Every structure is written in structure tokens, then in C-alpha cells.
Amino acid sequence: MAIVLALALAPLMLPLFQGLGLTDLRNDEAIYAYAVDSILESGDWWTPRESLTNQPYLSKPPLKIWLVAAGIRLGVLPDDERGMRLLDAIFAALALVYVFLIGARLIDPVAGLAAASLLILMPSLLFRHGLRDGGMEAMMLLQFAATVTHLLAWRHSSSRRWRVTHILIIAGWQAFGVLGKSTALLVPAALAPMVLFDGGWRRLAWRDRWWWAAGITFATALIVPWFVIQASRHGDLFWRQFVGRAIIQRYNQGLDPSHLEPWHYYLTFAYRELITAGALPWVAIGGLLWLWRTIRLRWSDGLLIVLWLVVPLILTSTSASKLRHYLYPSLPPLALFGGLAFSTLAALCADQIRRWLGSRPKPRRDLLLSATVLALVLWPWGQFRSVLARSQHTQAPFQAIRQCVDNLGPEVILGPEWRGRLFYVYSPWNTVRHPSFYYFRHLDSWQRQRKPDEALLYFRLFVKGHQAPTLIPTRDYLIFKERVTGDDVQAAVDQLLPRLHAAGLEAELPDVQSLEQPPAIQITRTELLLLPGPYAACLEPARAAVSGEWSST
């Protein structure tokens, strides 16, 4: 039965892999993708570069960036959005396998399959900075699930050789996590208290103490070299970025005012996520059953799963900076609670079926039969279809516009000082978003001016032969639209004309009264992409690359 149910995991994983290249890279994804590209372009594998500034990227260890860059360099991963995300889907799939194994070990294979299914049904976990994105969340979920699986295997193994093997595997997973993201340190912090609460765990840990010391040494040997090299290369800058900003400031003050949330933020988020997934009744009932078994039967393995949920929840809730994806690695315990509820109900139905039929007990067959019937009748398959459909949504206007603009070919625009490849960014530095920079950084030298150069913007938008796609804050563009026909702007334009004529770049100014505003694409709530002149043709491909909600005017 375990083999049959394990094979049933495969179709459930389809939303992880389907349509990975159909959406543009989002904010953090663009940061990591730029770091990958910087390695491939510069050959400096130890220190990737930071988006926007091209300074050393020191906020996170680069294991995930290394893996993606190596896959692209070797031709194993495609050099596109799908390639930036494929490893995350693989990590997430492995994490689901581990969750299945945990459920099968602690309860039965039905519970393991139900738990993995519940995780797939959580929309934020998949789509909002989630397991399909080219970030670090799939790595963190995999590290936690793998560590718990091998920790349970170590606890119940009677063979010293296998216990040593599991200890070394756990050490490897800790190195894997820490070299991806500093929050991976939550894993040992959450699970280590087991040796305080349970005498059996404590005695076994003491018996294998030298092997645990060897495992810690092994993990340290894998982790330390990158830190030593960065500290020697960048000195105080490294410690300020990695420890001061990415850890201390994030925990105590937050890096962004929008990340500041009340202490109950994660409890509220988990409640809403379970409601959306249709899993709240299963998790609520299963959670009560789990706590009853843990307390009443002194179930030490059940306590480990409770710690997996509770300790990270407490630590992250005390942090000033709160983001939903910080909770993702602690969602599998909730799924396991739901798996216990489903398995318990399936067992009760199996017992009742045997009574009705008056047949001889065949526990495995009856349990599988009743679980199948319950899944068909009660399981939220509508939510699974919704998740599957969402994975096929297209949201790739940046990809379409970049390809369209590139196909139009390079030009010289406004003389040598404005020479570029068709794209001009007019924005204060702090309003440029990482996706905008990632997709369009190759098109021109980016202008980051605090004060608008209205004459230059006039030529970019209205003067034939000098037009170019323009990224601009919405507020600045609305102000410019009101002033474009005014005397001040026209005087600035007239002042620029002699410079163009001297450079041999003739310009024929349009009639002020006949100016037509170019098509505008609302990239974000505060940012517009303008497509003047021949680039208006790029609007339709951009629209065709969107199947969800998106705005263009």
C-alpha cells in the first residue's frame, strides 16, 4: 500500500512544475537571477553581485545561486525563467516526499499522502513567494522536512551504522540550509529541545555524542569557508551586511515599514491559508487528536512535530519583520495534523465496511478502499483544480516587451552622451524595482535623476526618430503631462535643439497642440512603462502575455 500511495504523489506534484516560465521574475527572484547572471558573466563564483548597484551580494550565502549558475553553465538548466525556478520545484517535490515519509512512519501511508496533498492545496505556499518561485523557500522547507525524517530514523534505528549515517545526513542538510539562508538556523533551534523533554532521546544522544560531534564538525567544515573568504575579502562590509542588516536589523527593527506586523500575524495568516485550502476542519480535528496522543500516550515523536511548529512560530512572531514566507517551513506539521484526521476517519470507515460486509479483516486493503472513497467524496478536489489552473496562468509582460524592443534593433539616440539601446529610465534611484532593472538593464545606461529632465523626456516620447520606451514613476508622468505644453518645457526643448543640430542629429518638433500621449503600461501601482512611436507595437504582445489581472492604458 505504501508503494501505491507513494506513486500517487506524482500527479499531486504537477502544479510545482507546470508553467514555471509563464510569469516574469518577481522582486526577490530578480535579485537572485541577477546574482546568477553576474556569476556567469564575471566568473567570480565566490561573490555574486547585487541587483541595482552591482556591489557584492552579501546578504545571503550563495549555495542556491551557485547551483542554478552551475546548472545553466553545464546546460542542465535553461537560461530563462524556467531555469531560474526548476531547482525550487525539485526541492519542493523532495520536501513533499519527506513529508509523506514522516506521515507514513508516524501514522500510516494514507496520512502521509493526505499531508502532502494539503500542502499542495495551500495557494500562498505555492504562488506567493512560494515553492515555485526562484527564491529560498523550497530549500528551507526541504531542509526542515529532511532533518525531521532522518532524526526520526536515527531515533528508531537499532543499527549503529545506520544511526551514524543518519547523523551525517542531518549534518549535510544543515549545511545545505545555512548556505542558502541564515534562517535555516531555526531548524536545530526548534528540534534540539527534544533532548531536554524526553529521556529516551537524551540517552540516545549521549550514547552517540561523538558521532554528533563529528556531524557538527562536518557541517561546520562545509559552511565556514564561504564566511571566511567573504570576511577576508570585504571585512566590516560583510559583517555589516550579513549580520548587522540581514539579521539584527531585520529582527529588531525591520528593513521595510511594510514588513512590520502585529505579533499574531502568522497565526492569522495560517488560519486564512487553511480556510482557502479547504483544510481547516481536517487540521483542527487532527491537531486535537495529535495533542491528545502526545500528552496522553507520552508520544515523543509527536512532540517533535509539535516543536517543529511551535518553536519557529514563537521566534518569528517576536521578530519586528514579518513576511508570510517565513512561516512556510513550519506548515508541514499542520498538514500532518490534517493527515492524522483523514487517516483516523478512513480507519473508522474501514472498520464499518468490514462489519457491513461481514468479511474477514484485511486492514491494508480496507483502509486503502475507505481512504479512496473519502477522498472522492470529502477531499477538496475543487481547490486542487484551482491550484492546477493557476499554475498555467500567464503573467509575462516584461518578457514580451523585452523581446519586442530587442527585435526593433539598436539606434543612436540624442547624441553620444545619450547613446543607448532604445531604453531610458527616468526615475529617482529608490523607485527602481528589481524586476524592471533585471529585464531592461541591458537596453541603455540608466539615468537616476532626482529632478526631471523634461526636455529629454519630451524628445523620448514625442519627437520622431528620438523616441524610446521609458520607465517612469506614475506621479512624475502625471505632472509632466500637465506641463508638457507649457512655456517652461517648450523653452527647455528649444534650448536642446541647437545641440542636436550641432551633433548632426536633426529633429523635427511636432505641433504642441497635436501631441499624443503614448500607450502606457501600469507595471506597478507607482510605475509606468511608456511605449511611444514604433514601440507602441509592443503593447499587444505584452497584453497577449497576460492571462490574469493586469493594467494597460
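How many cavities of 30 Å³ or more does a search of the whole structure find? Just one. Keep in mind that this is a predicted model, and let's work through it in a few exercises.

**Exercise 1. Describe the largest cavity: its volume, its lining and the helices that supply it.**

Step 1: start with the volume, which is about 40 Å³.

Step 2: list the residues around the largest cavity. They are Glu-29, Tyr-32, Ala-33, Val-36, Lys-64, Ile-65, Val-68, Met-84 and Gly-134.

Step 3: sort that lining by class. You get six nonpolar residues, one polar and two charged.

Step 4: assign the lining to helices. Both α4 (27-42) and α5 (63-73) put in at least two residues, and α4 gives the most, with four.

**Exercise 2. Check whether the length of helix α14 fits its residue count, then look for a bend.**

Step 1: α14 covers residues 209-234, which makes 26 residues.

Step 2: at 1.5 Å a residue the helix should span 38 Å, and its end C-alpha atoms sit 37 Å apart, so the two values agree.

Step 3: now for the bend. At Val-224 the helix bends by about 35 degrees, and Pro-225 follows within four residues.

Step 4: see what comes after the helix. Gly-235 follows α14, with a positive phi near 55 degrees.

**Exercise 3. Find buried residues in α14 and say what the helix does for the second largest pocket.**

Step 1: pick out the buried positions. Gly-215, Ala-219, Ile-223, Trp-226, Phe-227 and Gln-230 are buried in α14.

Step 2: recall some helix geometry. With 3.6 residues a turn, residues three or four places apart in an α-helix point the same way. Try reading the list in Step 1 with that in mind.

Step 3: turn to the second largest pocket, which holds about 540 Å³ of space. Its lining has 24 residues, and those nearest the centre are Ile-170, Gln-174, Pro-188, Trp-212 and Ile-216.

Step 4: ask who supplies the lining. α9 (137-156), α10 (160-178), α11 (186-191), α12 (194-197), α13 (199-207) and α14 each bring at least two residues. The biggest share comes from α14, with seven.

Step 5: finish with the chemistry. The lining of this pocket splits into 20 nonpolar residues, four polar and no charged.

**Exercise 4. Locate the disulfide, give its handedness and say which parts it ties together.**

Step 1: count first. The structure has one disulfide, and it joins Cys-404 to Cys-538 with an S to S distance of 2.1 Å.

Step 2: place the two ends. Cys-404 belongs to helix α22 (residues 397-408), while Cys-538 is in the loop between β4 (527-530) and α27 (539-544), so the pair ties together parts 134 residues apart in sequence.

Step 3: get the handedness. The torsion about the S-S bond of Cys-404 and Cys-538 is about -80 degrees, so this disulfide is left-handed.

Step 4: check burial. Cys-404 and Cys-538 are both buried.

**Exercise 5. Find where Asn-54 and His-129 lie, and say what their backbone does.**

Step 1: take Asn-54, in the loop between α4 and α5. Its phi is positive, about 60 degrees, even though Asn-54 is not a glycine.

Step 2: classify its exposure. A relative accessible area of 37% falls between the 20% and 50% cut-offs, so Asn-54 is partly exposed.

Step 3: do the same for His-129, which sits in the loop between α8 (123-127) and α9. Here, too, a residue that is not a glycine has a positive phi, about 55 degrees.

Step 4: His-129 has 22% relative accessibility, so it counts as partly exposed.

**Exercise 6. Are Val-99 and Leu-126 buried or exposed, and how far are they from Ser-117 and Pro-15, respectively?**

Step 1: Val-99 is part of helix α6 (residues 81-106). Its relative accessibility is 1%, so Val-99 is buried.

Step 2: Val-99 and Ser-117 are 18 residues apart in sequence, with 10.0 Å between their C-alpha atoms.

Step 3: Leu-126 lies in helix α8, and with 0% relative accessibility Leu-126 is buried.

Step 4: Leu-126 and Pro-15 are 111 residues apart along the chain, yet their C-alpha atoms are separated by 8.3 Å.

Definitions and conventions. Residues are numbered from 1 along each chain as its sequence is written. This is a predicted model: local features need pLDDT of at least 70, side-chain atom pairs count only at pLDDT 80 or more; totals for chains, interfaces and linings use all residues. Side-chain values use heavy atoms; hydrogens and water are left out. The expected span of a helix is 1.5 Å times one less than its number of residues. The bend at a residue is the angle between axes fitted to the seven residues ending there and the seven starting there. Buried means under 20% relative accessible area, exposed over 50%, partly exposed in between (1.4 Å probe, protein chains only). A disulfide is a pair of cysteine sulfur atoms within 2.5 Å. On a 1 Å grid over the protein atoms alone, a cavity is a set of points where a 1.4 Å probe fits but cannot get out, and a pocket is an open set with protein on both sides within 12 Å along at least five of seven lines; lining residues have an atom within 4 Å of a point. Grid points are joined across faces, edges and corners, and a volume is the space filled by probe spheres set on the points. Ala, Val, Leu, Ile, Met, Phe, Trp, Tyr, Cys and Pro count as nonpolar, Asp, Glu, Lys and Arg as charged, and the others, Gly among them, as polar.
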